[in-house]
Amino acid sequence: MRYEFRKLIFRREVFVLALIFLGVLVFLCVQSDFRAPDSAWDEICYQEFTAFQETELPALVQSFKENSETGSTAYIRTDYQKAFDCYNAKLSFRPYDTLAARQVLSLLEFTPARVLFILLVLAFLCPLFTQETEHQMIPLLMTARHGARRLFRRKMLTAFLSVLVLSFLYTITGALSLWLYAKLPLSALAAPVRSLINLHYCPFALSIGGYLLFLSFCRALAVLPAVALIFLLSVFPLHHLAVLGITSAASGSLIALSGVSEYAHWVFKQLGLFELLTTEQYFTTYETVNVLGVPVFRITLAILFTVLFAATIIAYAAALALRPERSTSLETRVSSSQ
């Protein structure tokens, strides 16, 4: 697997991608209109969150508790009990500039930032199979004993680890750079994500740092369908630029469709896919789905569908790539050429 990583990393394209990422990061920092730190403003934000917890939240929690006992059905009672468990906690934090923190998170989920991340991942992984194809090594690898299975498994592990690493570096590096540029203390990463005005009703007791880690995880899952398409295209003898073009066009079409159609956006939100790149939409309020009489968080369902969808495509690609007749035809082709 280390050999696969070296083949992907030591390319001129990777150096260009790194420069593009750094350039965009510098551009975002320079263009971001972060205010100068103001202790008075920090105190106002702190007092607003404190007032929210002392006035609005107790009434909400009490209503959840009452409905969990008097709900008309067992499912409704279970759902309200789950909501009660989520919100029945008083959180505290030191005053800090929540407006700047909110802006940092918004920049991470800005549409160009999401599109750039997808392109970086696809550009990095598109030669995953095409390198052997372009150097005419596939026939030899396919005819070796267990060669095709080992090759496919090794490339699959390489792709998954690459996506996780790229997502973590892209998200955490960008977040910390913007965070420090906004002159926010690193200790503020431990503040509850509910301290941000748009996430007061977040059902998860996450810190801002924990939210960033989860955002990184969701980014990795969101691009899995596109990575699965790369595996499917590996069955065909394509150049890596063709693979990049096809996967980019398919990904761009889904993102554009979600952007122009409210119904498509609603459907994709339920299914996850690239909508997982906009993680905040799953954290603004308490949302569950009835799954066989059990309230399941909407984001949980979106994650499960995205993983199953990508796994189905990869399994189909493996079945096509490893079918016996393909190996036999390649073996015959190699023998006839000798």
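A surface patch, as the word is used here, is built from residues with over 30% relative accessible area and no salt bridge, with nonpolar side chains joined within 5 Å. Welcome to this structure, which is a predicted model. One such nonpolar patch, of about 530 Å², is formed by Phe15, Val16, Leu19, Ile20, Leu22 and Val24. The protein chain contains 15 helices and 2 strands, and 46% of its 338 residues are buried.

**The chain as a whole**

- About 17,300 Å² of the protein chain is exposed, and carbon and sulfur atoms supply 67% of that area.
- Taking contacts between residues at least 6 apart in sequence, 75% join residues at least 24 apart.

**The nonpolar patch**

- Ile20, one of the patch residues, belongs to helix 2, which covers residues 12-31.
- Ile20 has a relative accessible area of 39%, so it counts as partly exposed.
- That value also meets the patch rule, because Ile20 at 39% is above the cut-off of over 30%.

**The largest pocket**

- The largest pocket has a volume of about 380 Å³.
- Its lining consists of 16 residues, and those nearest the centre of the pocket are Val14, Ala18, Phe124, Leu166 and Leu169.
- Two or more lining residues come from each of helix 1 (2-9), helix 2, helix 6 (111-125) and helix 9 (147-181).
- Helix 9 makes the biggest contribution to this lining, giving 6 residues.

**Salt bridges: an overview and one long link**

- The count of salt bridges comes to 5.
- One of them pairs the side chains of Glu54 and Lys90, at 3.9 Å from N to O.
- This pair connects distant parts of the chain: Glu54 sits in helix 3 (residues 39-70), while Lys90 sits in the loop between helix 4 (74-87) and helix 5 (98-108), 36 residues apart.
- Lys90 has 63% relative accessibility and therefore counts as exposed.

**A network around Glu287**

- Glu287 and Lys269 form a salt bridge through their side chains, at 3.4 Å from N to O.
- Because Lys269 is in helix 13 and Glu287 is in the loop between helix 13 (262-271) and strand 1 (288-291), this salt bridge ties together parts that are 18 residues apart in sequence.
- Lys269 has a relative accessible area of 14%, so this residue is buried.
- Glu287 also meets the side chain of Arg298 in a salt bridge, at 3.6 Å from N to O.
- Here too the pair links distant parts of the chain, with Arg298 in helix 14 (residues 298-321) and Glu287 in the loop between helix 13 and strand 1, 11 residues apart.
- Arg298 counts as buried because its relative accessibility is 16%, and the cut-off for buried is under 20%.
- Through shared partners, these salt bridges join Lys269, Glu287 and Arg298 into one network.

**Helix 13 and its surroundings**

- Helix 13 holds the buried residues Ala264, Phe268, Lys269 and Gln270.
- Lys269 thus has two roles in this picture: it is among the buried residues of helix 13, and it is part of the network with Glu287 and Arg298.
- The cover over the buried residues of helix 13 includes helix 12 (240-260) and helix 14.
- After helix 13 comes Gly272, with a positive phi near 90°.

Technical notes. Residues numbered from 1 in each chain as written. Predicted model: local features only at pLDDT ≥ 70, side-chain atom pairs only at ≥ 80, totals over all residues. Heavy atoms only, no water. Patch = residues over 30% accessible without salt bridge, like charges linked within 9 Å, V, L, I, M, F, W, Y side chains within 5 Å. Areas by Shrake-Rupley, 256 points an atom, 1.4 Å probe, with all protein chains shown as cover. Salt bridge = Lys/Arg side-chain N within 4 Å of Asp/Glu carboxyl O. Helix = DSSP H or I, 4+ residues; strand = E, 2+ residues; numbered from the N terminus. Buried < 20%, exposed > 50% of the residue type's maximum accessible area, 1.4 Å probe, protein only. Contact = heavy atoms within 4.5 Å. 1 Å grid on protein atoms, 1.4 Å probe; cavity = no way out; pocket = protein on both sides within 12 Å on 5 of 7 lines; lining within 4 Å. Points joined across faces, edges and corners; volume = space filled by probe spheres on them.
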